[in-house]
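User: I've got a new model open and I'd like to learn how to read it. Can we go through it together, one question at a time?

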Amino acid sequence: MDKSFRSGCPINLTLETLGDRWSLIVIRDVMFGNRRHYRELLNNSEEGIASNILADRLKKLVGAGLLSTSPDPAHKQKTVYSLTEPAIQLVPLLAQMGAWGRRFTPATRELSIRAQHLEDGGPEMWEALMAELRSLHLGAEPPERSVIGELTKAYLAAVG
């Protein structure tokens, strides 16, 4: 086993990879907010992530193979962050975390609506979302269904 981890337990290894305060928030913002650039992630952070923390987490997530980087063809000095397949496979985990948070924390209605839709949609919706994310981030064929569109519509109706 790699000595940089406390144990080979899969829960421990997942927590060592994702268990800090910001990593899943960054993945959430790339996944659900389609924030693909550093400035978008920094300036649109609901939680107010500090610039040094964001830079550190992006580096960590790229190093862990959860995000990949590519140069932005529209702006040579910008980097585009994309989800990798292991990050896309976090959709069910994030859906379950959102469902738990809606039930057991003082989550706001507006910020809970997407979690509620993902919970109500269940594994079929999660699979459709993962297919859409593969299209957006990995270049796969676009699916017919846009779960991101459905979630955005629900959110806008909740805040409108």
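**How the helices cross**

Analyst: Sure, and keep in mind that this is a predicted model. To start, helix 2 and helix 4 lie roughly perpendicular to each other, because angles from 65 to 115 degrees get that label. The angle at which these two pack is about 80°.

User: How far apart are the axes of helix 2 and helix 4?

Analyst: On the helix 2 side, the contact uses Ser23, Val26 and Ile27. Helix 4 brings Leu54, Arg57, Leu58, Lys60 and Leu61. By class, the residues of this contact split into 5 nonpolar, 1 polar and 2 charged. The axes of the two helices are 10 Å apart.

User: Is Ser23 buried or exposed?

Analyst: Ser23 sits in helix 2. It touches Thr17, Leu18, Arg57, Lys60 and Leu61, leaving aside residues up to four places away in sequence. Its relative accessibility is 0%, and buried means under 20%, so Ser23 counts as buried.

User: How are helix 2 and helix 6 arranged relative to each other?

Analyst: Helix 2 covers residues 23–33 and helix 6 covers residues 91–104. They pack at an angle of about 105°, with their axes 12 Å apart. That angle falls in the range from 65 to 115 degrees, so the two helices are roughly perpendicular.

User: What classes of residue make up the contact of helix 2 with helix 6?

Analyst: Helix 2 offers Leu24, Ile27, Met31 and Phe32. Across from them, helix 6 has Val91, Leu94 and Met97. Sorted by class, that contact has no polar and no charged residues, and 7 nonpolar.

User: Which residues does Arg28 touch, not counting residues up to four places away in sequence?

Analyst: Arg28 is another residue of helix 2. With a relative accessible area of 25%, Arg28 is partly exposed, because that label covers values between 20% and 50%. Its C-alpha is 7.9 Å from that of Leu94, although the two are 66 residues apart in sequence. The residues Arg28 touches are Gly33, Glu46 and Glu47.

User: What is the phi of Asn34?

Analyst: Asn34 is placed in the loop between helix 2 and helix 3. At 41% relative accessibility, Asn34 counts as partly exposed. Asn34 is not a glycine, yet its phi is positive, at about 50°.

**The core and the strands**

User: Which helix gives the most to the largest nonpolar core?

Analyst: This core has 33 residues, and Ile27, Leu67, Leu83 and Leu133 touch the most other members. Several elements each supply at least two residues, including helix 2, helix 4 and strand 2. The top contributor, with 7 residues, is helix 7.

User: What does Leu83 touch?

Analyst: Leu83 is one of the core residues that touch the most other members. Setting aside residues up to four places away in sequence, its contacts include Ile27, Val30 and Met31. The rest of the list is Leu66, Leu67, Ile88, Leu133, His137 and Leu138.

User: Which residue stands opposite Ser70 in strand 2?

Analyst: Strand 1, residues 67–72, runs antiparallel to strand 2, and 6 bridges join them. A hairpin links the two strands through 2 residues. Opposite Ser70, in strand 2, stands Val80.

Note on methods
Residues numbered from 1 in each chain as written. Predicted model: local features only at pLDDT ≥ 70, side-chain atom pairs only at ≥ 80, totals over all residues. Heavy atoms only, no water. Axes fitted to C-alpha atoms, helices over the stretch in contact; angles between N-to-C directions. Helix = DSSP H or I, 4+ residues; strand = E, 2+ residues; numbered from the N terminus. Parallel < 35°, antiparallel > 145°, perpendicular 65-115°, else oblique. Contact = heavy atoms within 4.5 Å. Nonpolar A, V, L, I, M, F, W, Y, C, P; charged D, E, K, R; others polar. Core = buried A, V, L, I, M, F, W, Y, C linked by side-chain atoms within 4.5 Å. Buried < 20%, exposed > 50% of the residue type's maximum accessible area, 1.4 Å probe, protein only. Pairing = 2+ DSSP bridges.
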